[in-house]
Amino acid sequence: TSLGTKALDHIVELTVHRSRNIASLKLSASRQLPGRPPVSVMHMLLNGKVLSDEMLLDELIDDDDEKDDTDGTGSESQLTLTLDMLPPVDPKFVGQLESQMKDMTTAELLGTFAANEAALYQNAALLLAEQMEPVYDDDQMEVGIYEEATHPPPLVNVQVREQAARIRRDLESKILASEHSQKILADPLPPSAKLADLQRVER
């Protein structure tokens, strides 16, 4: 995933045959992600481009990579794809975050909070859109559903990043605007580093 927040992002490594298609990769990734999110909410990207479910891995792998394998090791081709989706529901998230907090700066913690709030907002908006009843005109035609979109909808990770940036700006301007708060946010050291420095001084 690519939300830009290490506490929310997930990395899944798969060893698969190049004859597999994107739909099967989504299913495999879903099985390894927390909460097993449905593949219907997942979009797979390569270099920012959304890949169709029918596309084969063989179409994405550059054959020149294999030709360059002159050492005879027969190394496998590697491909990095991005999942565009809301963060999966992870029941262990709070415990994992607590274990990471000592190594995170105040600014990183604020960024994680903002990203999590943005993800919750996007998830609520998605659920609301699914529950809304379609609107019909006088001829019983569903309004807007037959109009061709001139632009594709923005990627989920882009929406979450933008919403997180807005939340963070609001917090910094309205709640954390004091000089003391700004000084804490600008501190580049996490608590664990400060503790280590303090212990070295005491010795």
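A residue counts as buried when its relative accessible area is under 20%. The views below show a predicted model.

**View 1. Overall fold of the protein.** The chain holds seven helices and three strands. Their order along the sequence is α-β-β-α-β-α-α-α-α-α. Of its 203 residues, 26% are buried. The exposed surface of the protein amounts to about 14,600 Å², and 53% of that area comes from carbon and sulfur atoms. Taking the contacts between residues at least 6 apart in sequence, 70% link residues at least 24 apart.

**View 2. Helix α5, residues 156–174, along its length.** Helix α5 has 19 residues, and at 1.5 Å a residue it should span 27 Å. The C-alpha atoms at its ends lie 27 Å apart, so the span in the model agrees with the expected one.

**View 3. The buried residues of helix α5.** Six names make up this set: N157, V160, Q163, A164, I167 and L171. Around the helix axis they cover an arc of only 130°, and therefore they sit on the same side of α5.

**View 4. Surroundings of N157 in helix α5.** The relative accessible area of N157 is 8%. Because this value is under the 20% cut-off, N157 counts as buried. Leaving aside residues up to four places away in sequence, N157 touches S2, L3 and D84. N157 is also one of the buried residues listed for α5.

Technical notes
Residues are numbered from 1 along each chain as its sequence is written. This is a predicted model: local features need pLDDT of at least 70, side-chain atom pairs count only at pLDDT 80 or more; totals for chains, interfaces and linings use all residues. Side-chain values use heavy atoms; hydrogens and water are left out. Helices (H or I, at least four residues) and strands (E, at least two) are DSSP runs, numbered from the N terminus. Buried means under 20% relative accessible area, exposed over 50%, partly exposed in between (1.4 Å probe, protein chains only). Contact means heavy atoms within 4.5 Å. Accessible areas come from the Shrake-Rupley method with a 1.4 Å probe; for residues, only the protein chains shown count as cover. The expected span of a helix is 1.5 Å times one less than its number of residues. The arc is that of the directions from the helix axis to the C-beta atoms.
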